[in-house]
Structures are given as structure tokens and as C-alpha cells.
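Here are my comments on the model you sent, set out as numbered points. Please read them with the coordinates open beside you.

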Amino acid sequence: MTATAKSMADDDLALPPPMPRTPSGIDVPVLATPEMVRNPDPGEPAQFPFTRGIFPDGFRGRLWTFRQYSGFGTAEESNARYRFLLDQGQTGLSVALDLPTQCGYDPDDAMARAEVGKVGVSLSNLSEMEILFDGIDLSKISTSFTINGTAAIIYAMYCACADKQGVPRAKLTGTIQNDILKEYVARGTWIFPVRPSMRLIADTILFSNDATPRFNPISIAGAHVRDAGSTAVEEMAYTLANGFAYVDELLRRGGDATKFAKRLSFFFYVHMDFFEEVAKFRAGRRVWAKILRDRYGVTDDKAMHFRFGVVCGGSSLTASQPYNNIVRVGIETMAAVLGGAQSIFTCAYDEAFQIPTEFSAEIALRTQQIIAYESGISKTVDPLGGSFFVEHLTDRMEDEIVKVMDEIDAYGGVVRAIEDGWLQMRLAERATERRRKIDAVDTVIVGQNAFRRESQTDDFGEVFRLDPQAAAKVIEKFEAIRDRRDNAAVEASLDKLAAAAAKDDENLMPYLIDCCHAYATVGEMVARLKQGWGEFQEPVRL
Amino acid sequence: MSNLKGKRIMIAKPGLDGHDIGAKIIALALRDAGAEVIYTGLRKTPGFIARVAVDEDVDAVGLSLLSGSHKELVAETMRELKALDAGDIPVFVGGTIPVEDRATLIEAGVVGIFTAEMRLDDVVAELARRLSPEQAA
């Protein structure tokens, strides 16, 4: 035995077996037995309450979408990356946007200068999106935009881009995240106060239901709250609570639940506790359908379908011994498939500390392909259904999720809990607790807080480098488009937008699309809306 | 247990980065260790951060950055502090800081870089050592 292997084995002996509880705190029985399961019959897939999934044939008819998140620097560079990924067999694009675009600042704004093109591509106006999708037929791909504060604007830009390509809007498929509630809690790209933001979201959904019926105008996301430190139970509970807040807003605006509910979709993280993750999705499907039926009177099966995408990795990945992350993402991807995800994004192993390289991004995609085509787990519907343990855990997760949703209701609902900073404070406390457990090695993270090699030097592999000139190129193009466009037409379109925004019952989408066609910039549109609506005032409560 | 009693420490989020959970965890940990913590909330400019640091007479400023803009925003905040004759306030940094950038930040005068994998007690101890060298023994 070498010295290294010996010290690792000693380390091993020092640790007790893992806790007999899930990370959400649910007791795990030594042996699960039939009497632990509430209903011995888990039901049929595609039938209420959809515990076993929303499709009668699972993945037999169609696999999930392999959707990798990418986009950085300039639109030209991102376009090249997209073409590479599509050539490799990726079936959907996912666009990462830089922070100025996400927060509504133009690239030449003093607030934006340091961050142009850093965490995603800069899309300040339609001409940039035309470059981004150059040579990519928008009627043939589905595109997912991780965009929230400015989601309505980016969606308007996508519609305008389709107009320019000659693609009928009705053929567009894809998703905008467009979930502002969780931005106030975890991700931080809010712009306007909560209530006008909810109105803007209702505008996009109602417009999209008619104009782009195959497009998902919202992806209600628990992923960010989870990655920030919530438990799996809280992730699902907060997300469902947010989902119902949007349902309430859409009903207030005169929407028809049977129609709009069919286009609501969800987005979650998958972390490492395999069975808890599977049970989380089975329970979430059930709670969503039950509340839509019992509280909102929805009877259409399709409208009760809980459709979701996932991301595997995130804060479950480590910067130390990064190649271990490949194993983690593989396990998480299996949980996502067995939980019945409609689309999966697998993080690259180096995601914990940098923008993935082509090498690491390829392994992430291959992980999904290996699970889809080699592992065999997608051949039969819900293969874990009927397992005493999985059914028991699904019941327990359902109970706990409903309990947290009731706590939010008792506080006065999510909107109030967010405006007051109560949910944010709860999350900070939970995240600190998770951190303390890791520090105390109550939660074991291999290669990080346990089983470290002595004098471990972490091998980070190839490092991705952003083009240092990217920001300068973006600003140069930005100045050029402002010189080239018809500024009188821009002003006129912005005036109409501002007038429409002042009326609560006017749908802003047609006005935003007109602004995009005139090459008005994201910063200009946001500035006009801020004039009428003001900005969110962050409640800082610790 | 390291003690930060009597210390006033500012935790700030410069730029547009919205990932604030690390900043909040550190704020809570410093408070648990006895410090009085001033947390700015999101999207503050370096100029604003420097001004508040001086107005609040803080003993240290912690900057949390996960957006890849640490080099620009840390340097700018330190320039703003110097411009207010407060260049002696120690600045520490947390978040996603690639290994190859750490030396640059230290050379620029940053007193410590605390990344996500450090234990909270170690962060507190390191800060206590920096702020009260006499306690370090």
C-alpha cells in the first residue's frame, strides 16, 4: 500500500456511516415495508395525480431535451459555440446573458462597464440577436433564455428576430425563465417593484399563449433558491407557491387557467441525495395537480401537467478535486431521468470555478448521452414506482412540501413574504446552517471536507479564457447601431411603450416588439419603464 | 473561539452580481463572532461602498464577487477608499476568485481572499488575526 492510499484509508475509518436522514431532514427507514406507503397503488402514468409521470410511455416516445447552458462574450463567439454544440447532437440551445443585459443596463452604462460579456452574451438590441442566431433556423431549434428582469424585452427581441428571419412566430419553441419572484429571493436580477413585475409576466404569458403557442413563456425556478442553500423540500415548496402566485395574477388579468396552465413550466436543481431528488419530482407533480384541481377547479389533464427541466451540478460540485464532479453529475442525471424531467442541463466539471471549456462541456453532454443510450434506465416508465422506499419518501416529501407552503400562506403569501424580506432571511439562515454542517463534516463532501489528500494540489485542467477585447467590441458595435438607426422612430416607439405601461390592463408585448424592431436598446426600454414604475427597494434583513 | 467583538465590518456587493447568499452567510458568521455587521445589499457602486465605509467608520470592508469582475471592481473600490483618505481600511474579498487572479488581488493590497470552500470558523479566525494582531497568540 502506498503512503497516499494508506492515509486515505485511515481517514475513511474516522468517519461514521452517513446520517439516516435525507438532507431535508426526513427519516430514512432501515427497511421500507408496504405498510409505510400511503397508497399501495402508485397509479398510472399520465393520469391524475401524475405521480408516475405525465406521459403514458415515459421516454419511449421521446427522450428528454439535452440542453447545455452557454453563451459568453460577443454574439459572434456565442454563435460559433452554438453551431458547435448543435453539430455535436445537442437538441436545444440555452442562452446565458451577461449581467448588464439581465439587469437592464446598456453596455456603455457606468453600472455595466466591468461586466459586459462576462457571465453570458451581451444582447443590448436586436442587431446583436441577429448575429447570435445567424445561420441557425429559429423554426428548427428550441431556445431557452435564462432571463428574468428583462425577460419580456428579450422575448420581444426573439419574436422580432423571427420576423426578420421570415419564421412565423407561431413556429417558435423555447423558454424564457421570466420568473421574477425567485430573483428577489436568490438570484438578484430584479429591476422593478414586485407588482409591476408580476403584471409584465402576465403580459408575456397571455401574449405568448396566442402568438407563440409552442413557446414556454415562463420557467418557474426553484433551482437558484436550492443552489443558494435551501433544502429540496423548500425548493419545491417555494417554487410551487410562486407558481400559484402567477396563476392568481393571470386569473386577475382575465386569463383562462385551462389555457395558460398548459404553458407553465418549472426548473429545479438536482443535488446528490439520489432518492430524495427522485421523490421530490414525483411529489411535486402530485401537489401541483392536486392544488390546480382542488383550489382552481382545473379539470383538463394537460393543464395539470407539471413539466420541468433540471440542472445537475451547481453548488453540489467542488473546486477541489474537480474531476470528481463528473461522477456527481452522472448520479444526478440519473435521478433527473428517474424523476421524469423533460429537459436536462448537465454542469461541466469545472463549472464551480470557471466558464466551461469545450473539453469539459463535451463531457457534460456525453454524460447525458451515456445515460440515455447506454444505461437503459429510460426504457420503461418510472422504474422506481412501487418501490416501498420511493413511494414512502414521495409521500413524506409531499407532506413536508405542503407544510412549508402552508407556512408561507400563514405569513400572508409569497409576494408579501418577499416584499418584507422574510423569505430572503429564511434562506440566509438555512444556507448558514448547511454551511455549518459542511464545516462540521456532518455533511460529507468527498475531496473537500473529507478524504482529502495531504498537500492536495487541485488540478484545474485547461482554463477557459475570455477574450479581453470582448467588452470593447460590444461597445463599439453598440455605438455603431445607435448612429445607424432611425432615432426618431426609436423615440416614438419608446413613447408608445411608456404610455401603454401607465395603463394596467394594456398588454405591453406588442409595444416592446415594436421597440425592438426600431433597434431601441434594452437600457432604453428599461429606463422608460422605471420612470413609470420605479425600482425595487431591496429589504435588507439579516 | 475567535472574537470580533467591538469590530465594525462592512459586507458589500459591488457591481451587478446578484449572488448574495455567500455575503449573507459571512455577515451572519461575523455577527455570531461578535462583530457589528453592515451589509449593503445588492448592486452598489465602488464609490457608494467607499463612502458608506467612511461614514460608518468601519474596521474592514468585505467585497463579495461571483461575476468575474473582481479585478476591476476591487481595484476601483480601493481607489475610491484612497480618494477619501481611507486607504488604510483593510479590504478582504470573497466569492468565485480563480486561483490565477489571487496573487494580483493580494498585490493590490487585499488582506485576505475567502472562497466558498473555506470553513466559517477559519474565515472568522483569519479576520480576527488581521484586525487584532495582539489576539493572535
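1. In this predicted model, the largest nonpolar core holds 194 residues, and the members that touch the most other members are Ile154(A), Ala156(A), Met157(A), Val310(A), Leu512(A), Met525(A) and Leu30(B). The element that gives the most to this core is helix H9 of chain A, residues 232-252, which supplies 12 residues. As general background, nonpolar side chains in soluble globular proteins tend to be buried together. For one of the residues named above, Ile154(A), the contacts beyond four places in sequence are with Leu123(A), Phe145(A), Ile147(A) and Ile176(A).

2. Turning to the overall form of chain A, I note 21 helices and nine strands. The radius of gyration of chain A is 23 Å, and the globule rule gives 24 Å for 542 residues, so chain A is as compact as a globular protein of that length. The C-alpha trace of chain A spans about 75 × 60 × 50 Å along its principal axes. Of its 542 residues, 51% count as buried, and among the contacts in chain A between residues at least 6 apart in sequence, 77% join residues at least 24 apart.

3. Chain B can be described in the same terms, with five helices and five strands that follow the pattern β-α-β-α-β-α-β-α-β-α when read along the sequence. Its radius of gyration is 14 Å, which agrees with the value near 14 Å that a compact globule of 137 residues would have. The C-alpha trace of chain B spans about 35 × 30 × 25 Å along its principal axes. Buried residues make up 52% of chain B, and of its contacts with a separation of 6 or more, 72% are between residues 24 or more positions apart.

4. Within chain B, one unit can be followed element by element. Strand S4 (residues 91-95) and strand S5 (residues 112-115) of chain B pair in the parallel sense over four bridges, and in this pairing Phe92(B) stands opposite Gly112(B) of S5(B). Helix H4 of chain B, residues 99-107, forms a right-handed β-α-β unit together with S4(B) and S5(B).

5. Where the two chains meet, 30 residues of chain A are in contact with 26 residues of chain B. On the side of chain A that touches chain B, the elements that give two or more residues are helix H3 (99-103), helix H6 (180-187) and helix H17 (422-439) of chain A. H17(A) has the largest share of that side, with six residues. By residue class, the side of chain A that touches chain B divides into 15 nonpolar, eight polar and seven charged residues.

6. Some backbone geometry deserves a separate look, given that most residues other than glycine have a negative phi and most peptide bonds are trans. A cis peptide bond, with omega about 0 degrees, joins Phe48(A) and Pro49(A), and Pro49(A) is found in the loop between helix H1 (3-14) and strand S1 (65-70) of chain A.

7. Which surroundings, buried or exposed, go with the positive phi of Tyr519(A)? This residue, which is not a glycine, has a phi near 65 degrees and lies in the loop between helix H20 (509-517) and helix H21 (522-533) of chain A. Tyr519(A) is buried, because 21 other C-beta atoms lie within 10 Å, and the criterion for burial is 20 or more. Asp85(B), also not a glycine, has a positive phi of about 60 degrees and lies in the loop between helix H3 (70-83) and S4 of chain B. Asp85(B), however, is exposed, because it has 8 other C-beta atoms within 10 Å, where the limit for exposure is 12 or fewer.

8. My last point concerns Phe66(A), which lies in strand S1 of chain A and counts as buried because it has 21 C-beta neighbours inside 10 Å. Leaving out residues up to four places away in sequence, Phe66(A) touches Gln90(A), Thr91(A), Ile344(A), Leu365(A) and Gln368(A). Phe66(A) and Cys161(A), by contrast, are 24 Å apart from C-alpha to C-alpha, with their positions 95 residues apart in sequence numbering.

Note on methods: Residues are numbered from 1 along each chain as its sequence is written. Chains are lettered from A and ligands numbered from 1 in the order in which they are written. This is a predicted model: local features need pLDDT of at least 70, side-chain atom pairs count only at pLDDT 80 or more; totals for chains, interfaces and linings use all residues. Two strands pair if DSSP finds at least two bridges between them. A crossover is right-handed if, with the strands pointing away from the viewer, the path from the first strand over the helix to the second runs clockwise. The radius of gyration is taken over C-alpha atoms; the globule rule is 2.2 Å times the number of residues to the power 0.38. Two residues are in contact if their C-beta atoms, placed from the backbone, lie within 7 Å. A nonpolar core is a set of buried Ala, Val, Leu, Ile, Met, Phe, Trp, Tyr and Cys residues joined through C-beta atoms within 7 Å. Ala, Val, Leu, Ile, Met, Phe, Trp, Tyr, Cys and Pro count as nonpolar, Asp, Glu, Lys and Arg as charged, and the others, Gly among them, as polar.
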